[in-house]
Structure formats: C-alpha cells, structure tokens
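Trainee: I would like to learn how to read a few features from a model. Can we take them one by one?

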Amino acid sequence: MNPPWWKTCVAYQIYSRSFCDSNGDGVGDLRGIISKLDYLASLGIGMVWLCPVYASPNDDNGYDISDYEAIQPDFGTQEDWIALRDGLHARGIRLVMDLVANHSSDEHAWFVESRTAKDSGKRDWYIWRPPAADGGPPNDWQSVFGGPAWEYDAATSEYYLHLFSKKQPDLNWESTAFRTELFAMMRRWVALGIDGFRMDVINLISKPDGLGAGGNEGSMDRALNGPRMRDYLAEMRREVFAGTDLVTIGETPGMPLELAREVTDERAPLLDMQFHFEHVDLDHAPGVSKWDSTPMAMPALRATLSRWQDGMEPHGWNSLYLGNHDQPRAVSRYGDDGRYRRESATLLMTLLLTLKGTPFIYQGDEIGMANVAFDSIADYRDIETLNAWRWLTDTRGLDTASALAMIRKKSRDNARTPMQWSAAPNAGFSAAAPWIGPNPDYTGHNVAAAEADPDSVLHYTRRLIALRQGTPALHSGRYRLLDAEHPALWLYERTSEMGRCVVALNFSDTTQPLPPALAELPCLLTNHHNPAADTLAAWEARILGPT
Ligand code: TEU
C-alpha cells in the first residue's frame with residue numbers, strides 16, 4: 001500500500017504577515033504569496049502550512065480570530081485566497097490552513113453574545129466562573145503570555161478563562177452546540193478544497209473537571225491533554241475528516257511521547273501527526289521561564305529527538321521542525337550564526353530533512369535567516385515579548401540591558417522579521433516600512449543573493465529535498481542512532497527494505513575523524529566543498545549510501 005501523501009512530502013510554513021507584501025501597506029498578504037508561487041515550487045515542497053489569515057483584531061497576530069470564515073482585509077479577499085489555493089494546487093502543492101479552536105477573539109460574535117448575560121444562548125460556549133470567595137479569580141492559573149488566566153467581566157460579575165491573552169477567551173468544548181458549529185465551519189473549509197489543518201494547541205481543548213472555585217490550583221499545565229481530548233478529536237475526525245485524505249497536524253505542547261504515539265497511531269489515528277516541544281524547550285532554565293536560558297547542547301538535542309524517532313515506532317508519525325513563528329531562528333539556536341552560518345544552516349537543514357517524519361521548513365530557514373538584535377524594546381511587536389519585558393524589568397527588576405539580552409535570544413519576533421527577498425530597501429519584502437523592521441543583515445543574506453551563489457543554503461536545500469524525494473530510505477526508513485556518546489558527531493542510519501543511508505553531522509567547529517566503516521561509504525551529498533573521506537570538517541553534514 002502506498003503511504004499517504006503527507007508522509008512523503010516536505011512542508012513549508014508561511015507566516016503570512018511576514019512573507020511578502022504586494023500592496024505596499026507594510027503587511028504581507030495573499031497576493032504577495034501568489035507572487036512567490038514559482039519560488040515555492042522551485043524548492044520541491046509538497047505542502048504549505050499557512051498561518052492564520054482570518055479576520056482578527058491582531059492582538060496575537062491572527063491567532064485571535066473574530067471570524068473563522070472571513071479573510072482579514074490586510075491579507076486580501078476571498079478571491080485572493082482562491083487564487084492562492086489554485087496556484088498552489090496547479091504546482092502540485094497542498095494547502096494546509098491553521099485552525100485556532102481552543103480560543104477565539106473576544107471580538108468574535110460568539111463571545112460578544114456570550115458575555116451579554118448569564119442566560120445568553122452562547123454563555124456556555126466559553127468558560128465562565130464566579131469569583132472566588134475573596135472576589136478574586138477562580139483559581140491561580142497564569143496565562144501563557146503572563147498575568148492571571150482569568151479576566152473579570154463586570155457585565156455579569158463573572159470571570160472568563162483565557163490561557164493566552166485576555167483577548168483570546170477559551171472556547172468550551174463541552175458545549176455540543178459549539179462543537180457542532182465548529183465542525184460545520186471546518187467542513188465548509190474542506191468543501192473549499194483545502195488539504196488539511198494545523199491545529200493550534202489542540203491538546204488544551206479539554207479542561208480538567210472541577211475547574212474554578214479553587215479547583216485545579218497549581219499550574220495551567222493541568223489543562224494539557226485533558227480528560228475528554230480523545231473523545232473530541234475522535235468526534236472531529238468522524239464529523240469532518242471521514243472519507244477524506246486530508247491531513248491533521250496537532251500542535252501539542254506538553255504531550256508526552258506515549259500519548260503522541262497513541263494519538264497518531266495509523267491503525268486508529270486521532271491526528272495524523274503532532275508537534276512536540278521537547279527539543280525547543282531544552283534551553284529553558286527549568287522552573288524559571290523561557291527567558292532564562294541554559295546552553296543548547298547537541299547531545300541533549302540528539303537524545304531528545306532520538307527518543308522521539310524510536311518512540312513513535314512502529315505506528316506513530318513525527319512532525320519535524322527546528323523553528324517556527326514562535327521560536328528563535330534555528331541557525332542562531334542550534335548552529336553558529338557567525339563564522340559558520342552557511343555550514344551550520346545547511347547542517348541543520350540536513351538533520352531536518354533526513355529524520356523520519358514530515359519535515360516543516362520555516363520560511364527563511366532555507367536562506368539561513370538568523371535572529372535579530374533590535375536596539376530597543378520599541379522595535380519589538382509580539383504580545384508575549386512585550387508582556388515579558390514588563391515582567392522582567394518591573395517584577396523581576398532587571399536592568400534594561402539584561403532584559404534586552406534575554407528578549408533578543410528568545411523573542412518570537414526573531415522568526416517574524418520580514419522574509420529577506422533581496423538587498424533592496426525593506427529586504428524586498430515591501431515598498432513601505434514593514435510592520436516589524438527587517439533584520440539588518442538582509443543586505444548580505446537574501447533570496448536574490450542565494451540564487452546567485454551555487455554554494456548557498458538555498459541551493460543546498462533544493463538538492464537535499466530532491467535527494468530525500470528520490471531516496472525511499474529517507475522517508476520510510478527506520479532511524480537508528482549509531483553512537484549515543486560522541487560529544488560532537490551525530491551519526492545515524494535510516495534503513496528500509498529499499499536500502500540504507502547514513503547521516504553524519506559534525507556539530508562542532510573542529511575537524512572530526514569519521515568512523516572507518518562510514519568513511520568507505522559513497523557520499524550522496526555534503527555541505528562541504530572538499531570533503532575528505534575519513535574526516536568531517538567543521539559543521540560538515542554528509543549523507544552516505546545508499547547501501
Ligand atoms: O502556540 C502555542 C504555544 O504554546 C505558544 O504559546 C508557545 O509555546 C509560546 O509562543 C512560546 O513561548 C500557538 C501559536 O503557535 C502561537 O503563535 C499563538 O500565540 C498561541 O498558540 C495562541 O494561539
């Protein structure tokens with residue numbers, strides 16, 4: 001039996017606001033993406049995940065949706081969206097939309113109605129609770145973006161739950177009427193010819209029993225992987241996806257491996273794949289905050305990803321990513337964005353494209369885009385970053401230089417600066433000043449320069465995707481770590497009935513001897529100009545085989 005399409009293709013994530021602005025308002029849009037369709041096709045990708053383009057007051061850049069079926073005017077019109085869909089499909093690229101259904105915007109008509117009265121018809125579409133005995137919030141949960149997860153609403157003297165910003169009230173999946181309407185809305189998108197959904201924080205949808213009135217104190221983590229999550233996902237699969245070949249991709253922070261394997265089990269899947277967070281949380285100081293960093297060391301990354309590679313066998317399926325719109329840039333975090341920027345960016349791309357699972361390339365990583373170091377907090381835009389700034393400087397009392405250093409390292413805005421198309425003003429992203437400033441390094445690092453340089457990350461990425469597509473061991477072969485202890489080399493093989501490949505990655509800036517058995521294998525691809533058979537140069541990546 002042939003594997004489903006989403007197991008053999010490479011995905012590309014577009015952060016719509018920052019990809020390409022066609023109409024000179026400083027904000028990326030659908031026509032901008034359409035103007036880059038040939039570029040997308042030239043990469044060899046088979047799927048685009050489009051970050052939210054729905055109507056939104058933009059408190060969280062579109063992850064606060066006020067109408068699930070309207071296109072945000074900043075991005076264009078319904079006709080533009082149809083043109084994008086058709087342009088992708090004409091090039092053999094599937095279109096995956098973002099589904100943000102754990103919460104809506106507080107400006108969504110559902111919430112506007114819900115908050116009017118305790119007996120409103122949509123009251124139970126959101127999570128309302130009376131105040132605690134002291135008049136304060138029902139429990140001690142803190143929101144992901146800082147501050148209490150409950151907001152008092154004077155109209156009805158109750159609190160509503162918001163795990164993210166207070167403009168993102170959590171929807172109540174216990175309401176059958178809500179779920180019925182949600183699934184109908186999803187079916188209308190399916191009827192429009194989409195190829196799947198990436199589902200935002202989909203493991204937060206089932207809240208623990210006894211929520212409110214002092215219940216479930218301790219940590220918001222109690223909202224993860226809740227008691228009825230499986231039931232809701234099974235119902236959604238039945239109601240929306242039965243009989244289709246659409247892909248369902250869960251974003252699931254804090255979902256343990258055992259549960260992820262169960263949820264993506266191909267014999268009875270609730271989701272086809274999911275994004276775990278273990279490797280992107282490795283540099284968060286435990287128990288403090290994501291802003292407090294510990295070093296990102298290769299052996300920990302190797303151990304974590306190897307655990308997921310092995311642990312999802314034999315019936316689960318991994319989504320693979322090293323960066324996205326919420327994370328610092330991969331080359332700055334796991335590589336060396338200074339002296340070895342090209343080498344480490346290509347090495348990381350090799351890793352991403354040779355593990356087992358469906359790889360997601362985040363826009364700009366194919367040209368090695370790096371973190372930005374803005375001069376001042378005034379240059380940052382992200383709600384999480386701005387809230388963190390107040391917390392770091394006010395509550396924790398850090399001086400501005402220390403707080404800025406933390407922000408520069410971890411801000412989500414690192415991934416949200418405009419896509420660097422050329423050395424023209426605004427990185428060729430827009431004719432006007434963009435909504436967020438470009439990374440000043442765009443003059444040297446951009447698509448036009450990369451196209452002209454045969455050694456660029458971009459050309460290497462294309463070669464890598466083509467190699468993966470033509471080498472069955474690289475998409476279906478089992479992963480096996482060859483050396484769990486080496487301090488600098490990550491060596492693994494991918495084996496299938498159709499052959500075996502070995503991947504050798506040097507995560508260091510010194511030359512490393514290659515084990516003799518590997519040195520004899522034919523080289524399929526390397527990111528180095530003059531590979532020596534028995535050594536790996538600094539940040540060299542080599543794919544050997546097939547054998
Ligand atoms: O992210 C979920 C999530 O857990 C993030 O909040 C992430 O952990 C955080 O940014 C890192 O500190 C999704 C979306 O990808 C994100 O852009 C949204 O802000 C969030 O959900 C709320 O919809």
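Mentor: We can begin with pockets, bearing in mind that this is a predicted model. Rolling a probe the size of a water molecule over the atoms shows where empty space is left. Here the second largest pocket holds about 290 Å³ of space.

Trainee: Which residues are the closest to the centre of the second largest pocket?

Mentor: They are K7, W317, K356, H475 and S476, out of 15 residues that line this pocket. Two elements give two or more residues to the lining, namely helix 1 (5-8) and helix 16 (472-476).

Trainee: How many residues of each class does the lining of the second largest pocket have?

Mentor: The lining has 7 polar, 4 charged and 4 nonpolar residues.

Trainee: Now helices. What span should helix 11 have, and how far apart are its end C-alpha atoms?

Mentor: Helix 11 covers residues 341-354, and at 1.5 Å a residue its 14 residues should span 20 Å. The end C-alpha atoms are 20 Å apart, so the two values agree. As for cover, 13 of the 14 residues of helix 11 are buried.

Trainee: And helix 9, how does its span turn out?

Mentor: Helix 9 (residues 298-311) also has 14 residues and should span 20 Å; its end C-alpha atoms are 19 Å apart, which agrees.

Trainee: Which residues are buried in helix 9?

Mentor: A general point comes before the list. An α-helix has 3.6 residues a turn, so residues three or four places apart point the same way. In helix 9 the buried residues are M298, L301, R302, T304, L305, S306, W308, Q309 and G311. Their cover includes helix 8 (257-263) and four strands: strand 11 (273-275), strand 12 (319-320), strand 14 (478-481) and strand 15 (489-496).

Trainee: Let us go to single residues. Is H103 buried or exposed?

Mentor: H103 counts as buried because its relative accessible area is 1%, under the 20% cut-off. This residue sits in the loop between strand 5 (94-99) and helix 5 (109-114).

Trainee: What does the side chain of H103 reach?

Mentor: One partner is the backbone oxygen of Y63, at 3.4 Å. Another is the side chain of N102, joined to that of H103 by a polar contact of 3.0 Å. Beyond four places in sequence, the residues in contact with H103 include Y63, Y68, F164, D170 and D200.

Trainee: Where is S114 found, and what does its side chain contact?

Mentor: S114 is in helix 5, and its side chain makes a polar contact of 2.9 Å with the side chain of W128. S114 is buried, with a relative accessible area of 0%. Setting aside neighbours within four places in sequence, S114 is in contact with S120, K122, R123, Y126 and W128.

Trainee: Where is G364, and which residues does it touch?

Mentor: G364 lies in the loop between strand 13 (358-362) and helix 12 (383-395). Not counting residues up to four places away in sequence, G364 touches Y12, R329, M369 and M419. M419 is 55 residues away along the chain, yet the two C-alpha atoms are separated by 6.0 Å. G364 is buried, at a relative accessible area of 0%.

Trainee: How is E239 classed by accessibility?

Mentor: E239, in helix 7 (residues 229-241), counts as partly exposed because its relative accessibility is 38%. Leaving out neighbours within four places in sequence, E239 is in contact with F183 and R187.

How values were computed. Residues are numbered from 1 along each chain as its sequence is written. This is a predicted model: local features need pLDDT of at least 70, side-chain atom pairs count only at pLDDT 80 or more; totals for chains, interfaces and linings use all residues. Side-chain values use heavy atoms; hydrogens and water are left out. Buried means under 20% relative accessible area, exposed over 50%, partly exposed in between (1.4 Å probe, protein chains only). Contact means heavy atoms within 4.5 Å. On a 1 Å grid over the protein atoms alone, a cavity is a set of points where a 1.4 Å probe fits but cannot get out, and a pocket is an open set with protein on both sides within 12 Å along at least five of seven lines; lining residues have an atom within 4 Å of a point. Grid points are joined across faces, edges and corners, and a volume is the space filled by probe spheres set on the points. Ala, Val, Leu, Ile, Met, Phe, Trp, Tyr, Cys and Pro count as nonpolar, Asp, Glu, Lys and Arg as charged, and the others, Gly among them, as polar. The expected span of a helix is 1.5 Å times one less than its number of residues. A polar contact is a pair of N or O atoms within 3.5 Å; within protein, one must be able to donate a hydrogen and the other to accept it, and residues adjacent in sequence count only if both atoms are side-chain atoms.
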